[in-house]
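Q: I'm new to this one, so could you pick a single part and take me through it slowly? After that, I'd like to know what surrounds it and how far the model can be trusted.

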Amino acid sequence: MSRPGSPSPAACAPAQLPPVGLPRPRVRQIRWITADLQEAWENEAAPPCPRAKAALHDSLWHSLATEYDARHLSAFLRQQPIALSPAFWAMERAWAEDEANHYRGLSFLYARLYDVSEAEIAARLSERSPDFSLLAPLLCDEFCLCVVLAFDELASTRAYAHDAVSYSALGAAARLLLRRMARDELLHCHNTIDLLVRTQARRLPEAKAVIERVIAHDTSPQFSYRATFLLDQIIKPEITAESTDSNPYNAVGLSVESLQDCGRRLIRFLYRAQSRINPC
Ligand SMILES: [Fe+2]
Ligand SMILES: [Fe+2]
């Protein structure tokens, strides 16, 4: 019996080239630097609210860890036998830069809020190893990989936009960071959609089934986050950096309804982009 979320082998296909005459996929990126956070942190008049600091610790640690894990996904993709197009790698390069920047920003914030060095944070995170064994069947070709990535980035956008309200109690640097990360995650989602529509438009009708498999996988009792960057939105709200939970990667997540709504929204985005880019 196949695992929930495993696509049939027939669903996998080689990387696609854009049809002749169609413009190359766009990669939109807005660069910013952690020094901006330093300025906001130093100019803050009041110290962060202690209750907010305690309440948001787990959420901040989880975001920090998952942003760190982007390097695991990059390394995994480079080792895979699946064919990924030059356009995919152009998008991935900007994505990886942004995710590394998110990690640096969250590390800056966590270190100052909880009085640990950034070197110590990096050392603790580097003790973990990723495990893609359950996730790999969902990433069997460029189309499926991009649908999963676009879905994940949209869910991250929603999570950061939601968190921005509570993080505002941590001061201007936290507010700025959450706002910029949410903006970047949405750009990542749209860059991936642009790539999908320009290179694999004929497969768009398959996207709904891929998303359904992803949500079934993400919400199945067997699934747990394993430092893979993708699908960190699990439905189990506990774990801290110090937790003794048997799974060191468990983290805060979104509700099933929220994930399903992200899926529906992604489908709408895909077809809206399709009608803009490939009007028939
Ligand atoms: Fe990110
Ligand atoms: Fe992202």
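A: Let's start at Asp 115, which sits in the loop between H4 and H5. Keep in mind that we're looking at a predicted model. Asp 115 has a phi near 55°, so a positive value in a residue that isn't glycine. That's worth a second look because most residues other than glycine have a negative phi. Asp 115 is also out in the open: it has 7 C-beta neighbours inside 10 Å, and 12 or fewer counts as exposed.

Now step back from the loop into H4, the helix that covers residues 86–114. H4 packs with H2, residues 50–68, at an angle of about 150°, and the two axes are 9 Å apart. Angles over 145 degrees count as roughly antiparallel, so that is the label for H2 and H4. As for handedness, H2 passes H4 in a left-handed crossing. On the H2 side, the residues making this contact are Lys 53, His 57, Leu 60, Trp 61, Ser 63, Leu 64, Glu 67 and Tyr 68. H4 brings Glu 99, His 102, Tyr 103, Leu 106, Ser 107, Leu 109, Tyr 110, Leu 113 and Tyr 114. Sort the contact by class and you get 10 nonpolar, 4 polar and 3 charged residues.

If you'd like one residue to hold on to here, try Tyr 103 in helix H4. Setting aside residues up to four places away in sequence, Tyr 103 touches Leu 64, Glu 67 and Tyr 68, and these three are among the H2 residues in the contact. Tyr 103 has 23 C-beta neighbours inside 10 Å, so it counts as buried. Look further along the chain too: Met 181 is 78 residues away from Tyr 103, yet their C-alpha atoms are separated by 10.0 Å.

That kind of link across the sequence fits the wider picture. Take the contacts with a separation of 6 or more: 82% of them join residues 24 or more positions apart. Leu 77 in helix H3, residues 70–79, gives another example. Leu 77 and Leu 139 are 62 residues apart in sequence, with 9.3 Å between their C-alpha atoms. Leu 77 counts as partly exposed because it has 17 C-beta neighbours inside 10 Å.

What about the rest of the fold? The chain has 9 helices and 0 strands. Of its 280 residues, 39% count as buried. There's a second helix pair to compare with H2 and H4: H6, residues 142–167, packs with H9 at an angle of about 120°, with the axes 9 Å apart. That angle makes H6 oblique to H9. The H6–H9 crossing is right-handed. Ala 150, Phe 151, Leu 154, Ala 155 and Arg 158 of H6 meet Ser 258, Leu 259, Cys 262, Gly 263, Arg 265 and Leu 266 of H9. By class, that's 7 nonpolar, 2 polar and 2 charged residues.

Further along H9, which runs over residues 256–277, you'll find Arg 272. Arg 272 counts as exposed because it has 12 C-beta neighbours inside 10 Å. Val 197 is 75 residues from Arg 272 in sequence, but 9.9 Å from it, C-alpha to C-alpha.

Remember the positive phi of Asp 115? Phe 229 has one too, at about 70°, and it isn't a glycine either. Phe 229 is in the loop between H8 and H9. Unlike exposed Asp 115, Phe 229 counts as buried because it has 24 C-beta neighbours inside 10 Å.

Finally, the trust question. Mean pLDDT for the chain is 85, and 84% of the residues reach 70 or more. Among the elements, H5, residues 118–126, has the highest mean at 98, while H1, residues 35–42, has the lowest at 88. Two stretches call for care: pLDDT stays under 50 over residues 1–10 and over residues 236–252. Where pLDDT is low, the predicted coordinates should not be read in detail.

Definitions and conventions:
Residues are numbered from 1 along each chain as its sequence is written. Chains are lettered from A and ligands numbered from 1 in the order in which they are written. This is a predicted model: local features need pLDDT of at least 70, side-chain atom pairs count only at pLDDT 80 or more; totals for chains, interfaces and linings use all residues. Axes are lines fitted to C-alpha atoms, for helices over the stretch in contact, and angles run from 0 to 180 degrees between N-to-C directions. Helices (H or I, at least four residues) and strands (E, at least two) are DSSP runs, numbered from the N terminus. Angles under 35 degrees count as roughly parallel, over 145 as roughly antiparallel, 65 to 115 as roughly perpendicular and the rest as oblique. A crossing is left-handed if the near helix is turned anticlockwise from the far one by less than a right angle, and right-handed if clockwise. Two residues are in contact if their C-beta atoms, placed from the backbone, lie within 7 Å. Ala, Val, Leu, Ile, Met, Phe, Trp, Tyr, Cys and Pro count as nonpolar, Asp, Glu, Lys and Arg as charged, and the others, Gly among them, as polar. pLDDT is the predictor's confidence in each residue, from 0 to 100. A residue is buried if 20 or more other C-beta atoms lie within 10 Å of its own, exposed if 12 or fewer, and partly exposed in between; C-beta atoms are placed from the backbone.
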